[in-house]
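Here are a few short exercises on aromatic rings and burial. Have the model open and try each task before reading its solution.

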Amino acid sequence: MQDPNEDTEWNDILRKKGILPPKEVPKDDEEEQLALQQQSVVKTYEDMTLDELEENEDEFGEDDEAAIEMYKQKRLADWKATQMKNIFGELVEISGQDYVKEVNKAGDAIWVVLHLYRTGIPLCSLINQHLSSLARKFPQTKFLKSISTTCIANYPDRNLPTVFVYLAGEMKAQFIGPLVFGGMNLKAEELEWRLSESGAVETDLEENPKKQIQDKLMSSIRSSLPTGKDSDSEDEDC
């Protein structure tokens with residue numbers, strides 16, 4: 001009697017016509033196919049969005065439910081982190097009444113930059129311009145401004161501009177008075193570097209821009225000084 005599982009052309013014809021039953025798959029082959037199917041499922045749900053996971057959850061087996069649930073939680077956490085990074089993005093005016101809510105209760109992982117200013121002081125206006133651009137560049141940091149006397153009664157104008165940096169309600173850095181900022185020559189990049197040193201922003205600047213200016217200034221001074229050769233010739237002329 002001919003073996004129905006034998007690989008012959010005649011048996012293949014009989015299987016196609018339904019005369020012979022489908023060829024039995026060895027157990028080892030069944031396990032291999034099952035493993036490949038499971039790998040396919042993993043690749044599928046790893047490529048899915050949260051909405052797609054919800055729509056297709058009935059198609060996954062019980063063995064995959066735990067892994068898929070963990071993956072959904074990870075995707076949800078990533079989504080929340082992305083939303084948190086884009087929660088701010090502008091320089092916001094606050095009053096003294098807003099201070100506790102906006103600064104002390106901003107959140108455990110939220111950096112806050114607060115500028116105390118007064119209208120009519122040019123350097124305060126310049127810093128507000130720079131902070132507005134930095135707020136757009138670093139939307140994960142909360143940038144605030146407040147008229148000085150609304151936050152701190154009788155705060156002296158000689159201390160303006162003042163910039164406070166907070167994390168989890170705790171002050172991490174303070175910049176007080178015009179001399180600290182270098183006057184009206186202050187550039188946005190220099191302020192960015194100062195804030196990055198305190199931890200408030202993650203800058204892509206490789207070095208302090210102020211150092212570049214100082215290096216150029218020193219270079220120009222050196223180039224304008226007479227060389228030793230020039231000094232000798234001047235002595236000979238005297």
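**Exercise 1.** Does F175 count as buried or exposed, and at what relative accessibility?

*Solution.* A note on the material: this is a predicted model, where local features need pLDDT of at least 70, side-chain atom pairs count only at pLDDT 80 or more, and totals for chains, interfaces and linings use all residues. Residues are numbered from 1 along each chain as its sequence is written, and side-chain values use heavy atoms, leaving out hydrogens and water. Now recall the cut-offs: buried means under 20% relative accessible area, exposed over 50%, and partly exposed in between (1.4 Å probe, protein chains only). F175 has 12% relative accessibility, so F175 is buried.

**Exercise 2.** Classify the pair formed by Y99 and Y166.

*Solution.* First, the rule: rings of Phe, Tyr and Trp (its six-membered ring) pair if their centres lie within 6.5 Å; planes under 30 degrees apart are stacked, over 60 edge-to-face, and the rest tilted. The search of the whole structure gives 3 aromatic pairs. In this one, the centres are 6.2 Å apart with 80° between the planes, hence edge-to-face. Next, place the partners: Y99 sits in helix α5 (residues 99-104) and Y166 in strand β4 (residues 162-167), so the pair ties together parts 67 residues apart in sequence. Helices (H or I, at least four residues) and strands (E, at least two) are DSSP runs, numbered from the N terminus. Finally, check burial: Y99 is partly exposed at 22%, while Y166 is buried at 4%.
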